[in-house]
Structure formats: structure tokens, C-alpha cells
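Biologist: I am new to this structure. Could you take me through how to read it, one feature at a time?

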Number of protein chains: 2
Amino acid sequence: MGVTIHDVARAAGVSVASASRALSGRRKVTPEVAERVKQAAAELGYRPNAVAKALRDQTTGTIGMIVPGIGNPFFTTIVEAVEHQLQETGRDLLLCASLYTPEIEARRLNTLLARRVDGLIISPCDFEASAPAVLNAARQVPLVQVDRYIEGGGADWVGVDDDSALAQAVDHVVAGGARSVVFVSSRLMNSSARLRLAGFQLATARAGIAARSPLLGEFTLAWGFEAGRSLLADGPLPDAVVCGNDEIAVGLLRALRLGGVRVPEEVSVVGFDDVGHAAMCDPPLTTVRQPVEEMAAEAVRLLGQVRVGEPRAAQRIAIAPRLVVRETSRLATGGTMTGDGQEGRETT
Amino acid sequence: MGVTIHDVARAAGVSVASASRALSGRRKVTPEVAERVKQAAAELGYRPNAVAKALRDQTTGTIGMIVPGIGNPFFTTIVEAVEHQLQETGRDLLLCASLYTPEIEARRLNTLLARRVDGLIISPCDFEASAPAVLNAARQVPLVQVDRYIEGGGADWVGVDDDSALAQAVDHVVAGGARSVVFVSSRLMNSSARLRLAGFQLATARAGIAARSPLLGEFTLAWGFEAGRSLLADGPLPDAVVCGNDEIAVGLLRALRLGGVRVPEEVSVVGFDDVGHAAMCDPPLTTVRQPVEEMAAEAVRLLGQVRVGEPRAAQRIAIAPRLVVRETSRLATGGTMTGDGQEGRETT
DNA sequence: GTGAAAGCGCTAACAG
DNA sequence: CTGTTAGCGCTTTCAC
């Protein structure tokens, strides 16, 4: 470690200024000088110091990202997509997990700000408690929220259109003959949980069917499993269960299976996200696919638009999702699907 | 953005040196000065510039991590564990995905080196092709490999004891009565695939049972599904299938189910990793649990031991895994397990 | 086209 | 205990 541009300049017999110009190519130098410098750099194994460059340029080429947890496959997918988007523009991702805790989240925000990230992409863990830290960060650096957001609408956001999503899910099970349907999701500390519940209630009201009181816990396999058991224990089963995410749906499926309930013959189940293993559980899960790549692309694009200190209306971009029909839901015709379990039939 | 330590010093009526000392607390200042400085910093909303500090200190407090892909839940888990370990010591994670491509991997290594990470944790995607770039990086900065490693043994590594893992898996299905068993895994471009196949062959030889020729593809759900189909197509089924990871196992399970094969009555299936949804698939998967937290802790600890340029024998730490028996494998007694599907019975 | 020098923000000598 | 100053490695005026 430790060959600097001074070493390169000396070896090439030019000034550091010329060396810098030759290496960056952003300014004219004699071809002969350029050649000599590049040669020297290669021979010495010169590697530009990004830290020094960052200090000088006041820009790090680094984007900070904070998600509640990397264990949740949905967040994983979105991290992956964002990382991919950033590659395109030569930037790197500084990744943090808030572990679903506003205090940790605030701390992570501070260290990212201290590291002078050029922008921040965050899925705030708590609708209310996350707000102060997020708004404060947004004052310092371009910030866009993904999936979850904070109350008050003070910062840009890109996510899915939950109303559309839930309407598709509810209409689908209703078309399959469901007359009573229950929603199993997370407690309402985050925006996704709130929006999805609201969307569900709207959709069931519009469809004129009985929405039993929702079961609210966490976005986890374990909660889905538990909810499934309590459904089994608490009297007559609903015709359909709509879930707040796929993890819940998979856990629920497992509980129903253990309880001897046939899906979809007795109960239809619909998930949300379409994570990788949704197509491989048994039966393959009917779910609402989040447009993750689009969301990531949109988030990165938005990030480039934001100018700190330039007052401008906060953008909210809700992308319409698509229902992917697999085999946990009854079809309108009354039959069930067959297939190889890999690809579902998609609604148009 | 832009309140510096100079601003704080001026506001407090002291020199930048005193301000720095007061803020860091690493040197004596009058309590009264300390108070004034802290007050001024708070009022101005001063946030130390980590980039400047890094340039000055020649250390960034940043660890780079490169994994083949974030889509694979095993890597996700390990990233999560490493991130968690780093938090403890106030360091941050610069995360990259190589997308299973040595060229991209080499490029990512270079940018991490340019960013002057204090250390590197990598799971090299290719046993051979990854070697030059990884060894070169190891020459510049402390580097430890996790899970996968490169040929030649030139760099530190921490992972699982694959021989022990496969022995446990094979012995378990043999105890359950299996006389023929096939191994479904990834092609041999990475060390995990090689070691696991070797471990499998060793274990079957020792057990004196028929190991049919292995099916080698990728560590994905899709490959597991495909392998399952070809097993169904290609004549008599084996008594047991041991898989290179859980993704493969879950895909395979699905294919067998579609083919009308009962698991574990007709075929036992064993996975590898014990990722989150292994307990929730149907039936819950018997698998070998990777000690991910220990691996991450060990990797971070090792990183602290390495001194670049100090020649020292490369460490190789193989942690023994544990077989988690769930319901895809026949037990020695000939029966199958029952349970809530959440926790498996663990071997001691 | 090239070089000298300033300066990004910070901390650690080094004097006082 | 406090202040002044050098310098981390880089790019970019500003003169020549």
C-alpha cells in the first residue's frame, strides 16, 4: 500500500499536476507525457486513493442504504436491485440494517452522513418513530424512501401501489367464490402494513364481502404459522386469506397443511411480494409481484434529481404491481391450476 | 452540509486543536472548554467528516465484503451476521455482489481497494479464476475468505467442515435404510461444490453403499427442480438424495411432489445450510445447519489478526455443522417424525 | 501544455 | 493545558 500520484509523477519525470491530468484524461497533455505517466502508473501498481479524491471533490461516489433487515427476502431483492443500478454509474453501496429498531436506524443514518454518502436510500422501519431522523437526513443529502415511508410525506418515496395490489388480490379470491376473507399482516408500525390494510378494507367493501377482523403480527414465517394456527382454532375458516407478504403466506400454508386443511379447495391463500421461493412452496403461491427492479431504478433515478436545499414538492411514485396466479387460489371457473410450478399465469 | 471543526472552534472561542481534543476526548482539556466546545458543536449541528478523518488516519473504519450473489439466502444470512459483528466495533460494511462472475469480482475488489477498506471479506465465486485478484488484494489489505475459497490455500479462510457435514447427512439416510443415494449439487467451479462432493464420496464409500453419479448444476431452486425431474425420468429412484444446498433441496422436493413421489416414504431428501424457509417447506426439510454466526464472528476476528506483509501461515478454520432432522428423511426406526414443523430434532 | 501551490477537514506533533 | 502548523493524496486554479 502506498504508491501515490507523487511517486508516479516522479517516475515519469513530470509534475503531479500533469500526472493527474494524464491519468484522468480530463485535460490536455502531450500524448508522449500521457504515455509515460500511464506506463509509470502501471509499473508501480498505482491505485488512486478514493478517500483523498473524495475529500478534494466533496463527493464520495457512495450511496448509503438502510433497510430494516437483510433476513427478509423482499429487502434482499431490493438491495440487490439497487446495488445493480448503482454499478451502472460506478457508485458503491454502503449497506446497513436497522434491525427494525428506530434507535439503531438513527445511529446508522448518522454514521452514513458522517461518511458523506452522496445519497441515501432508506426503508424506514417505523411510520412515526423514524420520522425525525429521516427528515433530518433528508435536509443534508438527497434521500429517497423505498417501500416503507414515514408520516407527513416530507421525503420522496417510491413503492408499490398497495390499493391496486390489494384490489387485485381481493377481486381474485372473490371471483374464485370467496364470501369471507381475512387479512393476515404486520402490526401497523410501518407504512406498508397500514396501506395494505387500508387497501384490503377498501377492496372488500367495494366487493361487498365480509372482511373479518385482521390478524396483525409481523412480516415473518413464524407469525404466518401462528396466525394459521389461530385461524384453525377460532372457529369456522374463512374462504380466503390474503397475506401482507409471502413469508406470512408460507408460514400460514404450513399451518393449514398440518391442520389438514386443503388449499385451495377449502381455503384460498394469496401472498404479497413474489419472492424467489413463492413458486416453489407447496402448493406454489398465488401472490402479488412487487416490481422490484423498477422500484430500484426509479429510486436511483430520483436520487439524481433531488437537490438539497432546493425546496420542491416531495415525489411519490407508486408502481402498479401484478397478480401472479399460481395454485393456492381457486379460479373463477371453480377448478385449480396445473403446471410445472415454476411460472404462474399472470393477469394482464 | 458544511459545518467544520473550524466553525465549532470559532464559535467556542478556542483553536481547532482544542476543539478536536474536546470532541474526541483523547486528550486533556479544561472541563470548561470541553463544555463550551460540545455546546457549540451541538448548536451548529456539527458532524465530523469521516472522509477527512480517514485520509488523515489512513484508516477508514470500513470493511469490504464481496459475495457471489445476494439472492442466495445463505449469503444473505452471512452478510447479515458479518454486518452485525462489525457494528460491535463501530465499523461499516461496503457490500458488493460479484454476480458469480470473476471479472466483475476483480473489478469490485479494485474499487474496494481504492476506497481503502481496512479489510476484505470475500466468498470468491470461482475456485480457479478468482485466485489472481484475491491473492493480489490479500497483499494489500487483511483479507479473509468465507465459505468459498480459492485454490492454493494462500489466504485465510473460515467455513464449514464439509466432510463432517456430508458424513452426517449420508450416515443419517443410511441409518434410515437407504441403500442407494445420489448427490445433487453445483458444478465444480467453486470450492464448496468440490468439497461437498468429495465429502459425499468419502462418506458413501465408508458406509459401503452405492453412490450413483452426482447431478451437478447450480445452487438454485431451478436446478433442484430440474434435477428432480431428471431423476423421475431416468429410471429407478434412489432411496435418498443429498443436496448441495437448501435451494436445490426445495426445488427437488417440488419436482418429486409433482411426480407423485412421497417424501420421505419413498425417497429421503437432505439439504444443506438450513436457511429460514427450510423449516417451512413441505415437508419441513432435514438439513445440515451452517454455523453462520460463528463463521461471521470468526471471520471478523481473523481479520483483526492479519498483518499485511507479515508472512504467516494462512489460517483455515472449519467449523463443524449440525444435522437438523425434520421430516424429509426416514428415521432409523423406520417411522417418520411429527412435530410443529418449526424446530427439528437436532443430533448431538 | 506544464508546474507550483492552495486547500478539502482532520489530528498529531511541537512549541509555548 | 492550549495554539500553530504540517500533512494525509488528490485536483484545480493560476501563472507561465
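Modeller: Start with a single contact. A phosphate oxygen of DNA strand D is 2.5 Å from an N or O atom in the side chain of Tyr46(A). Keep in mind that this is a predicted model.

Biologist: Which other residues of chain A have a polar atom by a phosphate oxygen of DNA strand D?

Modeller: Ser20(A) has a side-chain N or O atom 3.1 Å from a phosphate oxygen of that strand. Asn49(A) uses a polar backbone atom instead, 3.1 Å from a phosphate oxygen of DNA strand D.

Biologist: How many residues surround DNA strand D?

Modeller: There are 24, and the closest are Ile5(A), Tyr46(A), Arg56(A), Arg21(B) and Thr30(B). On the DNA side, sugar and phosphate make up 62% of the strand D atoms that come within 4 Å of the protein.

Biologist: Which helices supply that surface?

Modeller: H2 and H4 of chain A, and H2 and H4 of chain B, each give at least two residues to the surface near DNA strand D. H4(A) gives the most, with four residues. Sorted by class, the surface near DNA strand D has ten nonpolar, seven polar and seven charged residues.

Biologist: Now DNA strand C. Which residues come nearest to it?

Modeller: Out of 24 residues around DNA strand C, the nearest are Arg21(A), Thr30(A), Ile5(B), Tyr46(B) and Arg56(B). Sugar and phosphate account for 67% of the strand C atoms within 4 Å of the protein.

Biologist: Where do the polar contacts fall on DNA strand C, on a base or on phosphate?

Modeller: Take the base first. Arg21(A) places a side-chain N or O atom 2.5 Å from a base nitrogen of DNA strand C. Now phosphate. Tyr46(B) has a side-chain N or O atom 2.5 Å from a phosphate oxygen of DNA strand C. For Ser20(B), a polar side-chain atom lies 3.0 Å from a phosphate oxygen of that strand.

Biologist: Which helix supplies the largest share of the surface near DNA strand C?

Modeller: That is H4(B), with four residues.

Biologist: What does the UniProt record say about residues 3–57 of chain A?

Modeller: UniProt gives the feature "domain: HTH lacI-type" there, from an unreviewed entry. In the model, the span is 71% helix and 0% strand. Its end C-alpha atoms lie 20 Å apart.

Biologist: How do I check the length of a helix, say H5 of chain A?

Modeller: Compare the expected span with the model. H5(A) covers residues 73–88, so at 1.5 Å a residue its 16 residues should span 22 Å. The end C-alpha atoms are 23 Å apart, which agrees.

Biologist: What sits at the two ends of H5(A)?

Modeller: Asn72(A) caps the N-terminal end: a side-chain oxygen lies 2.8 Å from the backbone nitrogen of Phe74(A). Just after the helix, Gly90(A) takes a positive phi of about 70 degrees. Along H5(A), the buried residues include Phe74(A), Ile78(A), Val82(A) and Leu86(A).

Biologist: Last topic, aromatic rings. How many aromatic pairs are there?

Modeller: Eight, over all chains. One is Phe127(B) with Tyr149(B), edge-to-face, 6.2 Å centre to centre and 65 degrees between the planes. The two residues are 22 residues apart and link distant parts of the chain.

Biologist: Are Phe127(B) and Tyr149(B) buried or exposed?

Modeller: Buried means under 20% relative accessible area. Phe127(B) is at 14%, so Phe127(B) counts as buried. Tyr149(B) is at 11%, so Tyr149(B) counts as buried. In chain A, ring pairs link Phe127(A), Tyr149(A) and Trp157(A) into a cluster.

Methods. Residues are numbered from 1 along each chain as its sequence is written. Chains are lettered from A and ligands numbered from 1 in the order in which they are written. This is a predicted model: local features need pLDDT of at least 70, side-chain atom pairs count only at pLDDT 80 or more; totals for chains, interfaces and linings use all residues. Side-chain values use heavy atoms; hydrogens and water are left out. The expected span of a helix is 1.5 Å times one less than its number of residues. Buried means under 20% relative accessible area, exposed over 50%, partly exposed in between (1.4 Å probe, protein chains only). A polar contact is a pair of N or O atoms within 3.5 Å; within protein, one must be able to donate a hydrogen and the other to accept it, and residues adjacent in sequence count only if both atoms are side-chain atoms. UniProt positions are given in the numbering used here, feature names are shortened, and annotations may be inferred rather than shown by experiment. A residue is near a molecule or strand if one of its heavy atoms lies within 4 Å of it. Rings of Phe, Tyr and Trp (its six-membered ring) pair if their centres lie within 6.5 Å; planes under 30 degrees apart count as stacked, over 60 as edge-to-face and the rest as tilted. Ala, Val, Leu, Ile, Met, Phe, Trp, Tyr, Cys and Pro count as nonpolar, Asp, Glu, Lys and Arg as charged, and the others, Gly among them, as polar.
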